[in-house]
Each structure stands twice: as C-alpha cells, then as structure tokens.
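Visitor: Could you walk me through this structure and tell me what stands behind each label?
Guide: Gladly; let us look at it together.

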Amino acid sequence: MKRKVVRVSFKVKEKKFTFITVCAFAVAMLMGTFVGAAPVSAAGEVQITGKLGAPSATTTIKGDQLPPMPDKKFGGKIERNVTQSTPYWPPRLAPPKGAPNILLIITDDAGYGVSSTFGGVIPTPAMDRVAKEGLRYTNFHSTSVCSPTRASLITGRNHHQVGTGSIPELSTGYPGYNSIMTKDKATIARILKGHSYVTSWFGKNHNTPDLQNSKIGPFDQWPIGLGFDYFYGFMGGDTSQWQPANLARNTTYIYPFDDDPDFNLITAMADDAIDYMKTVDALNPDQPFFIYYAPGATHAPHHPTPEWIEKISKMHLFDEGWHKLRETIFANQKKLGVIPADAKLTPWPKDLIKEWNQLNDTEKKLFIKQADVFAAYVAYTDHEIGRVIQTVEDLGKFDNTLIIYITGDNGTSSEGGLTGTPNEVASVQGVHLPVEAQMQFYDAWGSDKTYPHMSVGWTWAFGTPFSWTKMVSSHFGGTKQGTAISWPKVIKDKGGIRYQFHHVIDIAPTLLEATGIPMPEVVDGIKQHPMDGTSMVYTFDKKNADAPSKHKTQYFEMIGDHAIYHDGWILSTKVMRIPWDNSGTADNDPASWPWELYDLSKDWTQYNDVAAKYPEKVKKLEKMFWEEAERNQVLPMDTTTFTRSILPRPNLTAGRSVFTYSGEVTGTPNGNAPNVLASSYNIKAEVEIPEGGAEGMLVTHGGRFTGYGFYLLKGKPVYTWNLMGLKLIKWEGPDALAPGKHTLEFDFKYDGLGAATLQYGSPSGLGRSGTGYLKVDGEIVATQKMEKTVPMLMQWCENFDVGADTGSPVDDKDYQPPFRFTGKLDKVTLTIDRPKLSPEDIKKLETAMHNNSASD
C-alpha cells in the first residue's frame with residue numbers, strides 16, 4: 001500500500017513538476033541561471049531552439065560567466081525502470097542567432113603603402129576584394145612591433161596590460177614586459193568558444209613565453225590554451241617558409257618538409273585552413289567559425305616561390321628606385337582617397353639613407369632584386385589568402401562572414417639594415433655584408449639558401465606617406481596599418497572609406513558587438529579585467545561614415561620610443577634610436593627625450609611639428625602620457641633591443657649549468673636550449689660504434705644561418721661552428737672511430753667577460769674570441785681559435801637536437817637532416833661555465849657607464 005501511495009504521489013507531483021519545469025526554464029533563461037545559462041539577443045529575448053530535453057535542442061547563454069554554472073535540475077522523469085522513465089538532454093550551447101563567421105587576417109611587417117588597396121604598387125587582389133565588398137580604414141594602428149600588436153589584437157587590451165611590452169625573446173622581469181598573458185584577460189577566442197564558436201589559429205604564434213614553448217608544455221599560453229580549438233602554425237617571431245623547424249600542429253612539433261622539397265608554409269597553411277573549414281562545414285554546417293589567420297609574411301625571411309619572384313620581376317615595379325616608388329604610391333593614395341587631399345609627403349631622411357641616384361649600378365641591381373622578392377612575397381601571400389576567402393564563398397558562407405584584413409602588425413621592417421642582407425640572423429646582430437659580397441646570393445635570393453631582408457630604403461618607401469618604420473611607435477610609419485573589413489549581410493556602404501582613429505585593441509570589442517556576445521565578468525573562475533578597446537561597429541553604418549571617432553585616447557610605447565594620441569592630436573617623442581641599430585644600451589633615458597606635437601586634423605602625416613607653438617598642449621598631453629603609462633604597466637621603459645635576448649629569463653634551462661641527454665632528444669626550441677653564447681662550455685658524448693662504423697649527429701643547435709653541430713662524418717668526429725652563414729669553422733678528427741665505446745669531447749674556452757657586462761649598460765662581454773679543443777678518448781686531436789663568436793642570437797627558428805637534426809644543417813656540404821646517429825648514443829653531457837666579473841671588471845664597467853651617462 002505504501003509503495004502504491006508513493007507511486008501515485010510521485011505521478012501527481014511529476015505532472016506538477018513538468019509544468020513547473022517549463023516555467024523554470026523560461027525564468028532561468030531570463031535570469032541567466034540555466035546550464036549554459038541565458039539570454040543574448042539584442043532585444044534580450046530567450047534564444048531556445050527545438051523542444052527542451054530533445055537531443056537537438058539548443059540555447060544561448062547570458063555570458064557573464066564562462067563556462068556558465070551547470071544547471072543540476074533534471075527535466076525528465078526517473079523511475080526504477082528505464083521504460084517507465086523519460087530522458088532529458090540538457091540543451092546544447094549555441095551562439096546568438098545570426099552570429100557571423102569571423103575570418104581575422106593579419107600579415108606581418110607591412111607598412112601603409114605596401115598593398116594595392118592603399119595605393120601600393122604590389123598587387124593584392126584578395127585585400128582589394130575585401131575593400132570592394134566592404135570598407136577601408138585609413139586611420140588604424142598597431143603597437144609598432146609584432147608580439148605586442150598580436151597580444152592586443154586577440155585580447156582587446158593594451159599590450160603592456162598583457163605583459164607584452166616587447167617580444168618574448170626580449171622579455172624582462174616586470175609586469176608589462178614578462179610576456180605572461182594573465183588569465184584575468186581572456187582572449188576573444190576563449191570568449192567566442194564559450195558561446196559555441198569553433199575557433200582556430202593558423203600561422204604565426206609569437207605570444208608564448210620561452211618557458212612554455214617546448215614539447216612538454218605547459219600549454220597554457222599556446223593557442224590551444226588561449227581558447228583556440230585548433231592550431232597549425234609556427235612558434236616564434238619568424239621562420240624559414242621552406243623548412244620551418246618550429247612548425248606545430250596543436251601542441252606537437254611537425255616536420256612535413258622533410259619529404260617534400262617543394263614545401264612552402266605560405267601555401268601549406270592556406271591548404272590546412274581550407275581543409276579545416278571544409279571539415280567544420282561537413283560536420284556541423286550551422287556552427288559559426290572564428291579563424292585567426294596570421295601568415296609569417298612579410299616578416300623576413302622573404303621566401304616566396306620562384307614562380308612568384310619571376311612574375312613580379314617581369315612587372316619592373318622598382319626599376320626607377322625608392323624615390324619614384326614613394327611618388328607613385330603617394331599619387332595613388334590621393335587618387336584612391338586613402339589619404340586626405342591636402343596630405344603632405346614626409347621628407348626623405350637624407351642624413352640616414354642614400355638617395356637612389358647616389359647608388360652605383362651594383363647596389364641598384366641588388367636592391368631591385370631585394371624589392372622584387374619582397375613584393376613577390378606580398379603578392380604570393382595575398383594570393384593564398386584569396387584562396388581562403390574564396391573557400392568561404394564556395395561554402396555559401398560569404399554573406400554572413402565578417403572578414404577583417406589587416407596589412408601588417410607594424411610598419412615595414414628595417415632590420416635588413418642599409419644594404420639589406422642574405423641572412424637576417426646576421427643583420428639583427430649588427431653584422432652587415434657589403435653589397436659586393438651579397439651578390440654571390442643574387443640568384444638564390446628568396447630560396448632556402450637565404451634568410452633574406454631588404455634595404456631600409458625600400459622599407460621607408462613602403463611606409464609612404466609617413467616617416468619611420470617598424471619599432472618606432474611615435475610615428476605612423478611604424479604604426480599605421482591599412483585595414484579592410486567586409487560583412488556583406490551588414491555593411492552596405494560597399495567600397496566606403498573610414499577615417500576614424502582606431503587601434504588593434506578595438507578588434508576584440510568589435511567582434512563581441514558584431515556577434516551579440518557580452519564581455520564576461522568571470523572566465524574559468526577568474527574575474528576579468530575590462531577590455532581597453534572600443535568597438536568599431538558604429539562605423540559599419542554609412543550614416544556614421546564621418547562620425548567622430550569613439551576611440552579618444554591611445555598611448556604608444558616601444559623600446560623607449562613613446563607617444564600619446566588624444567582627440568586629433570599626437571604628442572610624439574623625437575626618434576632617438578635608429579630602428580635598424582640594435583646596439584642600444586640601458587643607460588639611455590627615454591623620459592628625457594624631446595617631444596614633437598602634431599595637429600592631425602591639419603597634418604595627417606606628422607609633417608609639421610608644432611610643439612613650440614602650443615607649449616600648454618604639450619604639457620597637458622605629457623601629463624596624460626605618464627598617467628596612461630602608470631595605469632598600463634609601461635614602466636620601467638627599456639631602450640635596449642636584441643642585447644636583452646642573452647639575459648637570463650624563466651625557461652627550462654634557468655639556474656642550470658649541466659645538461660644530460662640519453663638517446664635521441666630532438667625539437668627543443670631555441671628559447672629552452674642550453675645557451676653557450678658568451679661562455680666557456682664542454683660537450684661530452686659517450687658513444688658506441690658498431691662494426692662497419694657509424695655517422696650522424698650527436699648534438700646541434702641552430703642551422704644553416706647560425707649554429708653549431710657535433711657529429712660523425714664518415715666515422716670521423718667533426719665539430720662545426722656556422723658563423724651566420726658567412727664562415728664555417730671546423731675541428732676534425734684525423735681518423736674514423738674504431739668499433740667499440742668512445743668518449744668524444746668539444747671543449748671551448750671563452751676569452752670575454754660574458755653577458756654580465758649588460759648589467760652595466762655594456763655589450764662588451766659579447767662576441768669575443770675563444771679557443772676550441774676537439775678530444776677523442778681524452779686526447780686532443782684538433783685545436784683552433786675563433787677570433788669572433790656569435791654575440792647574441794642563435795638561429796631562432798631552429799632547435800637544439802641530440803641524436804639527429806631537425807630543420808636545416810649547419811653545413812650543407814657535410815650532411816642533410818635528419819642525419820640520425822647510426823651508432824649508440826649512451827650519453828651527452830653539456831656543461832656551461834659562464835664568466836664571472838671580478839671586482840676590477842665591475843669598477844671599470846661602472847666608470848664607463850658613468851662617463852657615458854655624463855656625455856649624454
């Protein structure tokens with residue numbers, strides 16, 4: 001009887017419960033408490049599809065907390081027997097109705113005058129297409145350097161707020177510069193993913209600190225840990241497009257080029273993105289995607305295919321030199337309306353860069369080749385981007401896809417120096433090859449046998465109409481980025497032009513407003529810091545074409561160079577460090593640099609400094625800059641560049657001097673490799689040679705453009721230093737090793753004071769001489785002195801490998817990767833003995849630093 005009463009009672013209650021449940025769902029959706037909790041249409045209406053409890057039912061969420069609190073209520077019926085029970089599936093998460101697909105494209109190291117879309121001579125039909133279908137933005141800005149721009153782009157916060165005041169390789173132990181993107185500043189991908197977007201990242205990732213970029217993680221700051229479901233790209237600032245040894249899929253390093261001599265990453269990443277889009281469409285055609293597409297182009301090395309080099313070379317775009325190029329671009333820009341009719345072309349820096357008519361015929365020939373290869377790289381990359389965009393259309397998704405195409409994450413790069421270089425690894429360390437010596441690379445320029453960059457003359461011209469280049473945040477040649485946005489379903493002012501001031505921090509807020517998704521208050525249990533940017537959606541409406549910019553104030557800072565924009569004015573420091581000079585020292589005080597003032601309402605190109613005319617405006621904006629600097633973790637400012645790279649920072653080698661390996665251990669990224677530069681060191685390999693002999697790599701770091709390798713070649717021990725691709729220094733044993741166990745050693749005694757001199761503002765301890773000794777079973781078999789050593793950087797896109805070689809070889813004539821060791825590698829021990837300063841050394845360095853400060 002009791003059992004029967006319970007059953008009757010339960011059924012009655014169940015009938016009531018069913019009614020209550022339906023009401024509860026409505027209330028929960030309105031209150032934001034349902035599983036994937038509540039509303040998000042612009043009108044605040046509940047967005048539920050299908051019958052609640054059915055497998056196909058979906059719901060949006062309120063979005064104030066990601067992930068939402070789970071709804072533990074069960075809407076079905078549970079009896080002891082499944083046949084008498086009613087199942088109930090929680091509704092699947094869905095984005096707001098009509099939320100667009102998003103294709104966010106950003107290229108690398110390209111100034112305002114590069115693309116044909118903004119007056120350049122290089123054909124960029126894919127970007128032209130986006131502009132024709134949508135809008136061109138003529139007043140859009142970056143931070144002036146890649147990692148900071150990209151951190152701001154995907155978070156909506158100022159770059160120092162996300163620890164990215166510089167690139168990870170130059171990180172320092174201050175909150176604005178430690179390269180750590182804290183979890184209170186979630187990326188746009190994490191937010192979109194929390195609303196059922198499928199998210200992916202293709203191409204360059206230069207936002208992972210050294211500590212995390214090895215194959216063992218942690219992966220918190222890899223794309224996978226930043227809210228992206230899928231990643232295919234390279235880890236670091238740049239890479240060989242032919243042999244990208246730092247290429248990864250998700251969290252696994254891969255080497256698809258090993259068996260494909262025609263491999264080029266520009267095409268490979270387009271192929272991968274296209275395949276990914278097709279897969280998403282096949283599996284769930286209604287699910288919106290967010291694709292972050294960031295090719296390595298046109299950052300050095302400039303690696304287009306031979307077909308594109310030939311195609312561009314036949315166009316003879318650069319035969320009349322960089323002055324004529326500036327004039328042509330400037331005229332095109334006025335004709336297109338992407339600069340004001342009264343804009344002035346900034347003067348050529350005669351005191352820094354030669355005029356074209358001052359060059360000899362050999363210089364002109366080489367420099368034209370450099371520009372042709374750069375332009376081919378631009379055109380080739382845009383072509384592959386065009387394939388990705390065409391796939392969006394082929395899948396029938398073009399109308400409701402928001403495409404944002406940003407040319408460059410900063411201005412065009414000047415890191416090639418005055419004469420360009422066949423090897424960027426050399427030029428950024430102050431090693432510049434004379435033009436005559438570079439001509440030996442003329443026919444190979446752009447191939448995998450070069451790591452090339454162009455002359456600064458072209459860099460300056462590609463920033464037309466502005467002055468300066470990448471790394472200069474105070475002037476628009478470093479920060480103004482041509483940007484095109486299309487969204488056919490929404491943007492009806494096709495081909496329109498927008499002049500409002502905006503910045504990369506504005507993209508994330510724009511995407512939130514466009515998708516109808518709110519900024520969450522809490523993500524993964526952590527309260528969120530608000531975004532710094534301002535949505536650009538208001539500019540999509542034609543009636544707002546001439547509306548005042550909603551982005552009123554923006555600070556800029558990079559390597560000490562700084563500025564503040566406010567309501568049509570910009571206060572900029574005078575450029576005190578030439579951006580292609582990387583010998584900056586820490587005793588330079590950027591707070592004392594003189595100011596320049598520009599009224600952008602009358603002077604769009606920063607042509608006329610009016611600081612002397614408006615001293616009160618200077619004072620007001622200066623005060624505003626320091627307030628922004630304080631608020632955004634900009635301090636302390638640091639004027640050093642690549643000398644910072646050799647300083648200790650958190651990584652897998654920090655605090656260690658002895659490293660031991662057994663067997664094959666490959667693919668350790670440069671930032672986590674034992675750093676032997678500016679130090680004495682010893683490498684000891686314990687091997688067993690089989691009958692018939694052995695050869696192969698014992699240990700290597702770097703590759704074709706800088707690095708060392710310790711290996712057996714036809715049975716003989718060889719140690720090779722590749723000095724920036726300019727010189728090979730070898731130690732070779734006289735005989736092949738007999739079968740059995742052997743101990744091979746390379747012992748190097750460094751003559752300099754080491755990296756510790758940098759603490760006193762001096763790079764004098766770097767790149768000094770040293771003597772190497774090759775030993776076999778304890779006996780010295782070869783001795784040689786190196787008059788100079790690599791000062792600061794190994795080839796950053798290459799790895800530290802034991803037992804094989806990934807990437808490129810240190811000597812192409814000796815071997816080709818992977819060159820696995822064919823004997824038994826029992827143990828490799830690397831011991832580093834870093835120099836220590838004596839009291840006398842410190843006294844001399846302090847005196848020199850004091851004298852330098854006094855002279856400044």
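Guide: A salt bridge here is a side-chain nitrogen of Lys or Arg within 4 Å of a carboxyl oxygen of Asp or Glu. A search of the whole structure with that rule finds 36 salt bridges. This is a predicted model, in which local features need pLDDT of at least 70 and side-chain atom pairs count only at pLDDT 80 or more, while totals for chains, interfaces and linings use all residues. Residues are numbered from 1 along each chain as its sequence is written, and side-chain values use heavy atoms, leaving out hydrogens and water.

Visitor: Why is the pair of D271 and R387 called a salt bridge?
Guide: The closest N and O atoms of D271 and R387 are 2.7 Å apart, and the limit is 4 Å, so the pair qualifies. D271 belongs to helix α5 (residues 265-283) and R387 to helix α8, with their positions 116 residues apart in sequence. Helices (H or I, at least four residues) and strands (E, at least two) are DSSP runs, numbered from the N terminus.

Visitor: What makes D271 count as partly exposed?
Guide: Buried means under 20% relative accessible area, exposed over 50%, and partly exposed in between (1.4 Å probe, protein chains only). D271 has 31% relative accessibility, so it falls in the middle class. Its partner R387, with a relative accessible area of 28%, is partly exposed by the rule as well.

Visitor: How do you know that the length of helix α8 agrees with its number of residues?
Guide: The expected span of a helix is 1.5 Å times one less than its number of residues. For the 34 residues of α8 (residues 361-394) that gives 50 Å, and the end C-alpha atoms are 49 Å apart, so the two agree. Of these 34 residues, 25 are buried, so α8 is mostly covered.

Visitor: What caps the N-terminal end of α8?
Guide: N360 does, with a side-chain oxygen 3.1 Å from the backbone nitrogen of T362. A polar contact is a pair of N or O atoms within 3.5 Å; within protein, one must be able to donate a hydrogen and the other to accept it, and residues adjacent in sequence count only if both atoms are side-chain atoms. Just after α8, G396 takes a positive phi of about 75 degrees.

Visitor: Why is the pair of E688 and K741 said to tie parts of the chain together?
Guide: E688 is in strand β25 and K741 in strand β30, so their salt bridge joins parts that are 53 residues apart in sequence. The closest N and O atoms of this pair are 3.4 Å apart. E688 is partly exposed at 30%, whereas K741 is exposed at 59%.

Visitor: Let us turn to the rings. Why is the pair of Y681 and F746 called tilted?
Guide: Rings of Phe, Tyr and Trp (its six-membered ring) pair if their centres lie within 6.5 Å; planes under 30 degrees apart count as stacked, over 60 as edge-to-face and the rest as tilted. The whole structure holds 50 aromatic pairs. Y681 and F746 are 6.1 Å apart, centre to centre, with 40 degrees between the planes, so the pair is tilted. Y681 lies in strand β25 (residues 680-689) and F746 in strand β30 (residues 740-750), 65 residues apart. Y681 is buried at 3%, and F746 is buried at 0%.

Visitor: What makes the pair of Y719 and W731 edge-to-face?
Guide: The ring centres of Y719 and W731 are 5.9 Å apart and the planes stand at 75 degrees, so the pair is edge-to-face. Y719 sits in strand β28 (residues 716-723) and W731 in strand β29 (residues 727-732). Both Y719 and W731 are buried.

Visitor: How do you know that K480 sits over the ring of W604?
Guide: A charge sits over a ring if NZ of Lys or CZ of Arg is within 6 Å of the ring centre and within 35 degrees of the ring normal. The charged end of K480 is 4.4 Å from the centre of the W604 ring. K365 lies over the face of Y442 too, at 4.9 Å from the ring centre.

Visitor: Which residue does the side chain of E664 meet in a polar contact?
Guide: The side chain of R820, at 3.1 Å. E664 lies in the loop between β23 (658-661) and β24 (665-669), and is partly exposed at 42%.
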